[in-house]
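Subject: Structure handover

Hello,

Here is the structure I said I would pass on. Please look it over, then read the notes beneath.

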Amino acid sequence: MTTPTQLFTLLDACFDAQNEATALWHSQEPEAADVAPDASASPETLLALVRAQHLRNFQLWHIEDTARRRDVTPDVIADCKYRIDRLNQERNDRIERVDACLVALLSPLLPASPAPHINTESLGMAIDRLSILSLKIWHMDEQVRRTDVTPEHIASCEKKLAVLKEQRADLSLAVKHLVTEFVEGAKTPKLYFQFKMYNDPTLNPELYGK
């Protein structure tokens, strides 16, 4: 990655990959090759990480739908809970890896003495939000295409769909604007870690205390 324009093109490819995968995975078994922990930062690595992270959100969406059913047994809901916990951990791990890859790709473009200002959320977190918006847009569009509902339902969903599309377009531009601020030295990219505790048997007292 040698220029900001190339990075913007790569980010657009990541955003498009989320939409393409959302549509594809609803028509065939979803899969996205995971990325080796020691993979070097590259455009290909970033795209693969974004798809792997998006897959976790895709799977979470549908498992959480099942978890809200009232016509299944408690063991089905318990299984959903365990799967949600695991996928949330995997999702957050990949958000952090997206961030690490982006910071590595950005590093050659940064000024020698960037400003000390930090953004309120990382690029990886924003890309995660774009992933979720992609899923919301697909599912809201699905509601618009239903033939078993009232015209009022369709009209309501059409309005929500327009808002979701606008939000995703705005967030895509905001991500690029943040990259510009990094390159110009107005802000400094920084890696942050969430250190999720609930799945760690050494940190969750409900696990190590039993």
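The notes below cover confidence, salt bridges and nonpolar cores.

Please bear in mind that this is a predicted model. The mean pLDDT of the protein is 93, and 99% of the residues score at least 70. Among its elements, helix α4 (residues 123-144) has the highest mean pLDDT, at 98, while helix α6 (residues 205-208) has the lowest, at 82.

Salt bridges

The count comes to 13 salt bridges. Three of the pairs are described here.

Asp 79 and Arg 83 form one of them, with 3.6 Å between the closest N and O atoms. Both residues belong to helix α3 (residues 74-106) and sit four residues apart, about one turn of the helix. Arg 83 is partly exposed at 34% relative accessibility, and Asp 79 is also partly exposed, at 38%.

Arg 86 and Glu 90 make another, at 3.3 Å from N to O. Four residues separate this pair in helix α3 too, which puts the two about one helical turn apart. The relative accessible area of Arg 86 is 42%, so this residue counts as partly exposed.

The pair Arg 91 and Asp 128 has its closest N and O atoms 2.6 Å apart. Arg 91 is in helix α3 and Asp 128 in helix α4, so this salt bridge ties together parts that lie 37 residues apart in sequence. Asp 128 has a relative accessibility of 5% and is therefore buried; Arg 91 is buried as well, at 17%.

There is also a network: Asp 34, Arg 56, Arg 86, Glu 90 and Arg 94 are joined by salt bridges that share partners.

Nonpolar cores

The largest nonpolar core contains 32 residues, and Leu 7, Leu 11, Leu 46, Leu 102 and Leu 123 have the most contacts inside it. Two or more residues come from each of α1 (4-25), α2 (43-67), α3, α4 and α5 (151-184). The biggest contribution is from α5, which supplies nine residues.

What does Leu 102 touch, apart from its neighbours within four places in sequence? Its contacts are Leu 7, Leu 11, Leu 46, Leu 123 and Ile 127. Four of these partners need no new introduction: Leu 7, Leu 11, Leu 46 and Leu 123 are named above for their contacts inside the core.

Separate from this is a second core of six residues, among them Trp 25, Ala 32, Phe 58 and Leu 135.

Regards

Methods
Residues numbered from 1 in each chain as written. Predicted model: local features only at pLDDT ≥ 70, side-chain atom pairs only at ≥ 80, totals over all residues. Heavy atoms only, no water. pLDDT = per-residue confidence, 0-100. Salt bridge = Lys/Arg side-chain N within 4 Å of Asp/Glu carboxyl O. Buried < 20%, exposed > 50% of the residue type's maximum accessible area, 1.4 Å probe, protein only. Core = buried A, V, L, I, M, F, W, Y, C linked by side-chain atoms within 4.5 Å. Contact = heavy atoms within 4.5 Å.
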